[in-house]
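Visitor: Hi, could you walk me through a few helices in this one? I'm new to this, so plain words please.
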Amino acid sequence: MTILNREPVHYLAGEMPLHRYCALHAQQTPERIALLWYGRTICWRELDQLSTRLAVQLQRLGVTRGDRVALFLHNCPQAIVAHLATAKLGGIVVPCGPLSRQHELRDQLADCGAKVLVAAADLMPIVEAARPGTSVTTVITTRYSDLQPSQSACRKALVVPPELIAADASAYVSSDGPPRNKPGAAQLDLMQLMAEPVDVAERDAVTAITVGLDEVALMVYTSGTTGRPKGAMLTHRNALYKTAVTVQVGGIQAADVMLAVAPLSHIAGMLMGMNVMLYAGAATILLYRFDPLAVLQAIDRYRVTRWYSMTPMNLAVMAHPDAAQYRMESLVTNPCTSFGVTLTEAIAEQWRAFAGPQCRIYEAAYGLSETHTCDAITPPDAPRWGWHGKIVPQTEVRIVDPHTGAELPPGQAGEITIRSPGVFRGYWQRDEATRAVLRNGFLHTGDIGQLSADGYLQWQGRIKEMIKVSGYSVFPEDVEALLSRHPGIRQVAVTPIPDPDKGEVVCAHVVPMSGVTLSEAELIAWSRDNMAPYKVPRRVKFHDTLPATATGKVLRRLLREEALAA
């Protein structure tokens, strides 16, 4: 079955890169609030000026069109400033998950070839361990408090996560001044860079750079349908189109007040927390991470109208002991994703009883990194339980047999394939992997689903062996490669096991080196030090050998069945 939504896309100010929308807001509504960050207000004029000043400094460092600039930060305004600055030069932003450990960060930096890395100061131990063997020659550091008012003012606005305060304190506890040059890589301070004098000619030269919509703007690392993480190349057109349809279908306006909690380093968090703000001009309250009290305070204090959440967040907010003290009547729209816990109609009714009948909560969307997400979005006024949104304007979705590629009749589940202006350019330096997923104009997603006659999409599962841990995509090959670096492991395979809180967790099947004795606790502890928390195995099973085909391919299916039976 095929559905093509022929509805036109209405671009608010024409077709141009999102950083141009930021500049437009700075011209038309310079004093209007763009961002609120724990008590610090950043208007459109300041946001545009800060990003232009940083763009000049990046240009002085040699960044030019097509160069990759990596970002290694938790949510903070500096991440948005660096993103915009890179875009203004025609560079390519490479977001690195801030939960990554040494080997994960090194692999990504080495693959993308970035020469400049913008990193949070508290993450520098990981950066310094990961940088050798990569192309990074300059590291620009920043503290999360650099764009905050005093701590007392912060606490009067919103509760500040304790680890955020600790990160800023520990980052500079032994420092006697600004970051200094270190052997092999210059370490510079972001705020000092943006404070350096910029003459009019340099500023005008940056603002005069014309960046085409079909130039690559973003490289998001994903395993796609198979294999270890690869850089999915997304263009300015991909980002503009998906932002425009999200705003159009969702009815988002400049008068809205958005609450951004999801990580900006992930494609959904980037779209809902940054791109929508840049495009629509809606004020956005940005949180370092999810905290139920901070969410309650933000909605009450700033009269938040829209919040993109995950189901466990809503449950945690309702369960907070002081929840009844805060006003929720401003919140009218709450697109929600079933990460870890499925958003059921019963949970939605519970949320509406808590937040008020004016609040519409619904399953947000379906999408993937290779399409800049949101290929199907649930209209706020027409939710359909059990489905994952309606195909967005100018997107064509076809359900095909995953083995033959033949189009399947209505009501029959098959592989979801997509053709739209949101489909990515391909994988960075992975031509074979690109050809495997881009065929005859359609992206083959590796996901199973079906379509309704009126264009709603139901996602039913994955062909690939990806594991979903609290909404994070965990790829067996990635975790296996990381575990293989343990000196006591000869062979390893990874499978999912169900978990009532996280949806799925990782189970590692390990064959130890001859004569080596390993324990489950030891390997879990080692994993915590060497990979992101959501990738860490929660169970380890030891084997003499792993089941394999005649060609040596490990049969994960048999291991999974064994783990489930146990």
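Visitor: Which residue follows H14, and what is its phi like?
Guide: Happy to help! This is a predicted model. H14 is followed by Gly 356, and the phi of Gly 356 is positive, near 120°.
Visitor: And which residues of H14 are buried?
Guide: Helix H14 spans residues 345–355, and its buried residues are Ile 347, Ala 348, Trp 351 and Ala 355. They sit on the same side of H14, because they cover an arc of only 100° around the axis.
Visitor: Why would residues a few places apart point the same way?
Guide: An α-helix has 3.6 residues a turn, so residues three or four places apart point the same way.
Visitor: What's exposed on the other side of H14?
Guide: Ala 346 and Ala 353 are exposed there.
Visitor: What do the buried residues of H14 pack against?
Guide: Their partners are helix H13 (311–319) and the strands S13 (306–307), S15 (333–337) and S16 (360–363).
Visitor: New topic: at what angle do the axes of H2 and H3 cross?
Guide: The axes of H2 (residues 44–60) and H3 (residues 77–88) cross at roughly 60° and come within 8 Å. That angle makes H2 oblique to H3.
Visitor: Which residues make the contact?
Guide: Among them are Leu 47, Leu 50 and Leu 54 of H2, along with Ile 80, Val 81 and Leu 84 of H3. By class, the contact of H2 with H3 has 10 nonpolar, three polar and two charged residues.
Visitor: Last one: is the crossing left-handed or right-handed?
Guide: H2 passes H3 in a right-handed crossing.

Conventions
Residues numbered from 1 in each chain as written. Predicted model: local features only at pLDDT ≥ 70, side-chain atom pairs only at ≥ 80, totals over all residues. Heavy atoms only, no water. Axes fitted to C-alpha atoms, helices over the stretch in contact; angles between N-to-C directions. Helix = DSSP H or I, 4+ residues; strand = E, 2+ residues; numbered from the N terminus. Parallel < 35°, antiparallel > 145°, perpendicular 65-115°, else oblique. Left-handed = near helix turned anticlockwise from the far one by under 90°. Contact = heavy atoms within 4.5 Å. Nonpolar A, V, L, I, M, F, W, Y, C, P; charged D, E, K, R; others polar. Buried < 20%, exposed > 50% of the residue type's maximum accessible area, 1.4 Å probe, protein only. Arc of directions from axis to C-beta.
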